[in-house]
Amino acid sequence: MRFSFLVVAGAMSLAATANAADWKLMPFPDQGFGIESPVPLAKGAGMHQGAVAGRIPTVTYSGELNKISYKVTVIDISKRPAEALNLFEEMEALLEIQGKVIGNDSMGIEPGKERQYGRELVIQGKDGSLRRIGLMYQKGKLYQAEATIQPGGDKESFDPERFADSIIFDLDPQRREERCADPNNFKLGN
């Protein structure tokens, strides 16, 4: 009896180790961002469609692991700076009609005066999927960092939140470390 318990415990331990993801910061300097991901992200292309935006080509980075798909979509609107806020809001509105919105809140990245704010949405899909989406605007580009738990996946997983919240725009690791080490960058009114 003890032996079978040890065999089962050992098998469970090996399975947990095999499923544990190795998260890494993946920089994409050509698109001006980096993001933490448990899986390599393959570059692709797509098309964003909106009533205000019209059709705009996109650059995508995507991967999948353990019934969770990870994707970053980059939309270059640098030739339309006067419309940036309107295009951002339209992008958020288009996401909200794709399922039941169970969360919509502000999100912030980078400490101190370089802090940037965006939106974070959680959407229950009609197919049973659960999407966590971080939306940001930076230097003429709209960024949509999204992790989707597919139907049958672990709805309690923290991985989608970690992915959506990990997008960064300062790709210099030494500079980021110095800013994060400075307690003044975490006080109000600095």
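**Salt bridges in the predicted model**

D22 is exposed in this predicted model, its relative accessible area being 51%. The side chain of D22 joins that of K24 in a salt bridge, with 3.6 Å from N to O. This pair makes a convenient entry point to the charged contacts of the structure, which holds seven salt bridges. Side chains of opposite charge can pair when their charged atoms come close.

A second pair brings K43 together with D30, again through a salt bridge between side chains, at 3.0 Å from N to O. K43 belongs to strand 3 (residues 42-50), while D30 sits in the loop between strand 1 (24-28) and strand 2 (33-37), so this contact ties together parts that are 13 residues apart in sequence. The two partners fall into separate accessibility classes: K43 counts as exposed at 56% relative accessibility, whereas D30, with a relative accessible area of 45%, is partly exposed.

What, then, does R162 meet in a salt bridge? The partner is E36, and the N to O distance between the two side chains is 3.0 Å. Here distant parts of the chain are linked, for R162 lies in helix 3 (residues 159-165) and E36 in strand 2, 126 residues apart. Both ends of this bridge are partly exposed: R162 has a relative accessible area of 32%, and E36 has one of 26%.

Strand 2 thus appears twice in this account, as the element that holds E36 and as one boundary of the loop that carries D30.

Technical notes: Residues numbered from 1 in each chain as written. Predicted model: local features only at pLDDT ≥ 70, side-chain atom pairs only at ≥ 80, totals over all residues. Heavy atoms only, no water. Salt bridge = Lys/Arg side-chain N within 4 Å of Asp/Glu carboxyl O. Buried < 20%, exposed > 50% of the residue type's maximum accessible area, 1.4 Å probe, protein only. Helix = DSSP H or I, 4+ residues; strand = E, 2+ residues; numbered from the N terminus.
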